[in-house]
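Here is a short briefing to read alongside the model on your screen. Take a moment to turn the structure around, and then we can go through it topic by topic.

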Amino acid sequence: MYFSRKFSASELAILTALAASQIGASPVLAASLEGSWSGGGYVQPNSGKRERVRCRVSFNRQGAKVFGVSATCASASTTIRQTGQLLMVNPRRYIGDFYNSQYDISGRVRVTFHGTRLSVTFSSANGGGQLSLRRR
């Protein structure tokens, strides 16, 4: 998972309008995203083999519905660091962008609550992947 890019003003306006249109958006659920999470999954580069990764991810509130993200993921061959920003679409779904300066890769990330765990999917022009995270 590679993260970071600030939303443009128009993207943020559209995403905020989308989030505002959701019924019952709960700040309590949004607050539960904050903190440190860890887990595993895989990355699948377009030009390579699928590889298992273990990740530690931190979410910090930057606004009522906006969260900063930083993640460190390790595979058998490398360690990857990325940053990003997420917007709450509804109390259980977040979407955003990530950036990895190490490999100059950016893309889209989606986070969904499933009880006490987070399901994370990410994609870019270079590949994608999936993670399952639990609170640390």
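Rings of Phe, Tyr and Trp (its six-membered ring) count as a pair if their centres lie within 6.5 Å, with planes over 60 degrees apart called edge-to-face. By this rule there are four aromatic pairs. Please keep in mind that this is a predicted model. Its eight strands close into a barrel in the order 1-2-3-4-5-6-7-8, with antiparallel pairing. From one strand to the next, the twist averages 25 degrees.

**Aromatic pairs**

- Trp37 and Phe113 make an edge-to-face pair, with 6.2 Å from centre to centre and 75 degrees between the planes.
- Trp37 belongs to strand 1 and Phe113 to strand 6, so this pair ties together parts that are 76 residues apart in sequence.
- Both partners are covered: Trp37 is buried, and Phe113 is buried too.
- Phe98 and Phe122 also form an edge-to-face pair, here with 6.4 Å between the centres and 90 degrees between the planes.
- This second contact links distant parts of the chain, since Phe98 sits in strand 5 and Phe122 in strand 7, 24 residues apart.
- Phe98 is buried, as is Phe122.
- Ring pairs also join Trp37, Phe67, Tyr94 and Phe113 into a cluster.

**The nonpolar core**

- Which residues touch the most other members of the largest nonpolar core? Among its 24 residues, they are Leu33, Phe59, Leu86, Tyr94, Val111 and Leu118.
- Strand 1 (35-45), strand 2 (51-61), strand 3 (66-74), strand 4 (79-90), strand 5 (93-100), strand 6, strand 7 and strand 8 each give two or more residues to this core.
- In soluble globular proteins, nonpolar side chains tend to be buried together.
- Leaving out residues up to four places away in sequence, Phe59 touches Leu33, Glu34, Gly35, Trp37, Gly68, Val69, Leu86 and Leu118.
- Two of the names in that list, Leu33 and Leu86, are worth picking out on the screen, as they also appear among the core residues that touch the most other members.

**Strands 1 and 2, and two arginines**

- Strand 1 and strand 2 run antiparallel and are joined by nine bridges.
- One place to look is Ser38, whose bridge partner in strand 2 is Arg56.
- Arg52 is also found in strand 2.
- Is Arg52 buried or exposed? With a relative accessible area of 61%, Arg52 is exposed, because exposed means over 50%.
- Not counting residues up to four places away in sequence, Arg52 touches Gly41, Tyr42, Ala74 and Ser75.
- The C-alpha atoms of Arg52 and Gly129 are separated by 9.5 Å, although the two residues are 77 residues apart along the chain.
- Tyr42 has another arginine to look at: Arg50 lies over the face of the Tyr42 ring, at 3.6 Å from the ring centre.

**Strands 3, 4 and 5**

- Strand 3 and strand 4 run antiparallel, with nine bridges between them.
- These two strands form a hairpin with four residues between them.
- Val69 stands opposite Gly84 in strand 4, and Val69 is also one of the residues that Phe59 touches.
- How many of the 12 residues of strand 4 are buried? Nine are, which leaves strand 4 mostly covered.
- Seven bridges pair strand 4 with strand 5 in the antiparallel sense.
- Two residues make the hairpin connection from strand 4 to strand 5.
- Across this pairing, Met88 stands opposite Tyr94 in strand 5.
- Tyr94 is a useful landmark, as a member of the ring cluster and one of the core residues that touch the most other members.

**Strands 6, 7 and 8**

- Strand 6 (residues 105-114) and strand 7 (residues 117-124) run antiparallel and are joined by eight bridges.
- Arg110 stands opposite Thr121 in strand 7.
- The hairpin of strand 6 and strand 7 has two residues between the strands, and Gly115 takes a positive phi near 65 degrees there.
- Eight bridges join strand 7 to strand 8 (residues 127-135), and these strands run antiparallel.
- A hairpin through two residues connects strand 7 to strand 8.
- In this pairing, Ser124 stands opposite Gly127 in strand 8.

Terms used. Residues numbered from 1 in each chain as written. Predicted model: local features only at pLDDT ≥ 70, side-chain atom pairs only at ≥ 80, totals over all residues. Heavy atoms only, no water. Pairing = 2+ DSSP bridges. Core = buried A, V, L, I, M, F, W, Y, C linked by side-chain atoms within 4.5 Å. Buried < 20%, exposed > 50% of the residue type's maximum accessible area, 1.4 Å probe, protein only. Contact = heavy atoms within 4.5 Å. Axes fitted to C-alpha atoms, helices over the stretch in contact; angles between N-to-C directions. Phe/Tyr/Trp six-rings, centres within 6.5 Å; stacked < 30°, edge-to-face > 60°. Lys NZ or Arg CZ within 6 Å of the ring centre and 35° of its normal.
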